[in-house]
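Me: I am new to this structure and should like to understand the terms used to describe it. Please set each value against its definition.

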Amino acid sequence: MGQYDVLDFLKNKRAYTDEYFTVRDIEKGMQSIGFSNGVIKGVNHDLRRLALFNSIQYRGVGIWNHKKLFRAKKS
């Protein structure tokens, strides 16, 4: 269920904005709408799997303070 929850969350965010989100932003957003800790703790792994299977867009920013950013694909 976790990957589908994360993908749905990102699709809802993409409908409003074209921004990329960090793992921490996604975790906080999902927690604020009521997801359980079981889903929240697996968000990082779910995002990496979705990016691996080319279901979401991914990019890295920064050299010394490298961050990975994610967003859903435009439908």
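Reply: Contact here means heavy atoms within 4.5 Å. The model is a predicted one.

Me: What makes M30 a residue in contact with distant parts of the sequence, and which residues are they?

Reply: Neighbours within four places in sequence are set aside; M30 is then in contact with D5, V6, F9, F35, V39, I40 and V43. Because contact requires heavy atoms within 4.5 Å, each of these residues has a heavy atom within that distance of M30.

Me: Why is the set that includes M30 called a nonpolar core?

Reply: The name applies because such a set consists of buried residues of kinds such as Val, Leu, Ile and Met, joined through side-chain atoms within 4.5 Å. The largest one here has 16 residues, and V6, L10, I26, M30, V43, L47 and I56 have the most contacts inside it. Two or more residues come from each of α1 (2-16), α2 (23-32), α3 (37-40), α4 (43-52) and β2 (67-72). The most, four residues, come from α1.

Me: How do you know that the size of the protein chain agrees with a compact globule?

Reply: For 75 residues, a compact globule would have a radius of gyration near 11 Å; the protein chain has 12 Å, and the two therefore agree.

Me: What pattern do the helices and strands make?

Reply: The protein chain has four helices and two strands, in the order α-α-α-α-β-β along the sequence.

Me: How many of the 75 residues count as buried, as a percentage?

Reply: Buried means under 20% relative accessible area, and 35% of the residues of the protein chain count as such.

Definitions and conventions
Residues are numbered from 1 along each chain as its sequence is written. This is a predicted model: local features need pLDDT of at least 70, side-chain atom pairs count only at pLDDT 80 or more; totals for chains, interfaces and linings use all residues. Side-chain values use heavy atoms; hydrogens and water are left out. Buried means under 20% relative accessible area, exposed over 50%, partly exposed in between (1.4 Å probe, protein chains only). The radius of gyration is taken over C-alpha atoms; the globule rule is 2.2 Å times the number of residues to the power 0.38.
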